[in-house]
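Grab a coffee and work through these short exercises with the model open beside you. Try each task before you read its solution.

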Amino acid sequence: MSYCSRECKKAAWKAHKKGCATTANMVANFQTEEEVDLNDAFCAWLNIWKLSLLQFAPMALDLANHPRDRFSTHVYVG
């Protein structure tokens with residue numbers, strides 16, 4: 001992630017820190033090697049398809065032809 005200035009980076013740290021802690025806790029709670037392998041496989045898949053998903057997901061929602069709140073009711077941003 002890049003920031004426009006050191007001040008912006010410092011300002012964003014509180015929110016970023018929370019997300020990092022959540023991710024670290026999730027990874028720490030994996031119970032089996034199989035789950036870790038599954039997560040690694042999913043991350044690899046996601047890295048390959050991320051740009052396509054970002055490009056085509058809004059088109060799949062057909063936001064132009066639906067109420068403005070469709071994005072808020074059909075998309076989860078964690």
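Before we start: a helix here is a DSSP run of H or I with at least four residues, and helices are numbered from the N terminus. Keep in mind that this is a predicted model.

**Exercise 1. The overall fold**

Work out how many helices and strands the protein has.

Solution. Step one, count the elements: there are three helices and zero strands. Step two, read along the sequence, and the pattern comes out as α-α-α.

**Exercise 2. Inside versus outside**

Find what percentage of the residues of the protein count as buried.

Solution. Start with the cut-off: buried means under 20% relative accessible area. Of the 78 residues, 3% count as buried. Now turn to the surface, which adds up to about 7400 Å² of accessible area. Carbon and sulfur atoms account for 61% of that.

**Exercise 3. A greasy spot**

Decide which residues form a nonpolar patch on the surface, then place W45 in its helix.

Solution. The patch is made of F42, W45, I48, W49 and L53. Together they offer about 550 Å² of accessible area. Next, locate W45: it sits in helix 2, which covers residues 33-61. Is W45 buried, partly exposed or exposed? Its relative accessible area is 40%, so W45 is partly exposed.

**Exercise 4. Two rings**

Find the one aromatic pair in the structure and classify its geometry.

Solution. The structure holds one such pair. Its partners are F42 and W45, with ring centres 5.9 Å apart and planes at 25°, so the pair counts as stacked. The cut-off behind that call is planes under 30 degrees apart. Now check the backbone: F42 and W45 both lie in helix 2, three residues apart, or about one turn of the helix. As for exposure, F42 has a relative accessible area of 44%, so F42 is partly exposed.

**Exercise 5. A charged patch**

Identify which residues gather in a patch of negative charge on the surface, and say whether E34 is buried or exposed.

Solution. The patch brings together E34, E35, D37 and D40. Take E34 as the example: it lies in helix 2. Exposed means over 50% relative accessible area. E34 reaches 64%, so E34 counts as exposed.

Key: Residues numbered from 1 in each chain as written. Predicted model: local features only at pLDDT ≥ 70, side-chain atom pairs only at ≥ 80, totals over all residues. Heavy atoms only, no water. Helix = DSSP H or I, 4+ residues; strand = E, 2+ residues; numbered from the N terminus. Buried < 20%, exposed > 50% of the residue type's maximum accessible area, 1.4 Å probe, protein only. Areas by Shrake-Rupley, 256 points an atom, 1.4 Å probe, with all protein chains shown as cover. Patch = residues over 30% accessible without salt bridge, like charges linked within 9 Å, V, L, I, M, F, W, Y side chains within 5 Å. Salt bridge = Lys/Arg side-chain N within 4 Å of Asp/Glu carboxyl O. Phe/Tyr/Trp six-rings, centres within 6.5 Å; stacked < 30°, edge-to-face > 60°. Lys, Arg positive; Asp, Glu negative; His and termini not counted. Charge placed at Lys NZ, Arg CZ, Asp CG, Glu CD.
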